[in-house]
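Reader: I would like to go through this model and ask what stands behind each label. Please set the value against the cut-off wherever there is one.

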Amino acid sequence: MMTDPIADYLTRLRNAISAKHKVVEIPSSNVKKDITKILYNKGYILNYKFIDDELQGIIKIALKYHPETKQSAIRTLKRISTPGLRRYSGFQEMPRVLNGLGIAIVSTSKGVMTDKEARKLRIGGEILCYIY
């Protein structure tokens, strides 16, 4: 039984990046799909594909690397809110990751979004993770 699927998602990405894999497969869920879409829209991953099998489904993510230095577009993935200690923030106190260079992924009443979008919509929520 997995207690923290988002931490598992981030760990699989982190391990694939450190091993210089081109593609990583992750078990699917709606929150993971939303996080994957955000990573794609912000340019942290090359591409993604949702595969619907009879069970849970799989997310295939193509990782993005610099062509010359082979450095990943994602430097750090950090889980903030955990099942044991939930971290919430109003839109006024929404954290800025690396002074706006990174993103914080926030779960709000309007869905999963970045910290910048949540500030613009003036809604707070649970801070899931930092990515930069």
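Author: Leu 98 is found in the loop between β5 (88–89) and β6 (103–108). The model is a predicted one.

Reader: Why is Leu 98 called partly exposed?

Author: The relative accessible area of Leu 98 is 47%. Partly exposed covers the range between the buried limit of 20% and the exposed limit of 50%, so Leu 98 is partly exposed.

Reader: What is there to say about phi of Leu 98?

Author: Phi of Leu 98 is near 50°, which is a positive value in a residue other than glycine. Lys 20 is another residue with positive phi, near 60°. Lys 20 sits in the loop between α1 (5–18) and β1 (23–27).

Reader: What makes Lys 20 partly exposed?

Author: Its relative accessible area is 48%. Exposed requires over 50% and buried requires under 20%, so Lys 20 is partly exposed.

Reader: How do you know that the chain is as compact as a globular protein of its length?

Author: The secondary structure comes to three helices and eight strands, in the order α-β-α-β-β-β-β-β-β-α-β along the sequence. The radius of gyration is 15 Å, and the globule rule gives 14 Å for 132 residues; the two values are close, so the chain is as compact as a globular protein of that length. Along its principal axes, the C-alpha trace spans about 40 × 40 × 25 Å.

Reader: What share of the residues is buried, and what share of the contacts links residues 24 or more positions apart?

Author: Buried residues make up 42% of the 132 residues. Among contacts with a separation of 6 or more, residues 24 or more positions apart account for 61%.

Reader: Why is Arg 79 called buried?

Author: Arg 79 has a relative accessibility of 16%. The label buried applies under 20%, so Arg 79 counts as buried. Arg 79 lies in strand β4, residues 77–79. Leaving aside neighbours within four places in sequence, Arg 79 is in contact with Asp 4, Ile 6, Ala 7, Leu 10, Arg 86, Leu 128 and Cys 129.

Reader: What makes the approach of the Arg 79 side chain to the side chain of Asp 4 a polar contact?

Author: The distance between the two side chains is 2.9 Å. The cut-off for a pair of N or O atoms is 3.5 Å, with one able to donate a hydrogen and the other to accept it, so the pair qualifies as a polar contact. A polar atom of the Arg 79 side chain also lies 3.1 Å from the backbone oxygen of Leu 128.

Reader: How do you know that Glu 126 is buried?

Author: The relative accessible area of Glu 126 is 12%. Buried means under 20%, so Glu 126 is buried. The residue belongs to strand β8, residues 125–131.

Reader: Which residues does Glu 126 touch, not counting those up to four places away in sequence?

Author: Glu 126 touches Ser 81, Arg 86, Arg 87, Tyr 88, Ile 105, Val 106 and Ser 107. With Ser 81 there is a side-chain polar contact of 2.6 Å. The C-alpha atom of Glu 126 is separated by 9.1 Å from that of Ile 80, 46 residues apart along the chain.

Reader: What makes Ile 74 buried?

Author: Ile 74 has a relative accessible area of 4%. The limit is 20% and buried values fall under it, so Ile 74 is buried. Ile 74 is placed in the loop between β3 (58–63) and β4. Its contacts, leaving aside neighbours within four places in sequence, are Ile 17, Tyr 44, Ile 45, Ile 131 and Tyr 132.

Reader: How far is Ile 74 from Leu 39 in sequence and in space?

Author: The two residues are 35 residues apart in sequence, and their C-alpha atoms are 9.4 Å apart in space.

Terms used: Residues are numbered from 1 along each chain as its sequence is written. This is a predicted model: local features need pLDDT of at least 70, side-chain atom pairs count only at pLDDT 80 or more; totals for chains, interfaces and linings use all residues. Side-chain values use heavy atoms; hydrogens and water are left out. Helices (H or I, at least four residues) and strands (E, at least two) are DSSP runs, numbered from the N terminus. The radius of gyration is taken over C-alpha atoms; the globule rule is 2.2 Å times the number of residues to the power 0.38. Buried means under 20% relative accessible area, exposed over 50%, partly exposed in between (1.4 Å probe, protein chains only). Contact means heavy atoms within 4.5 Å.
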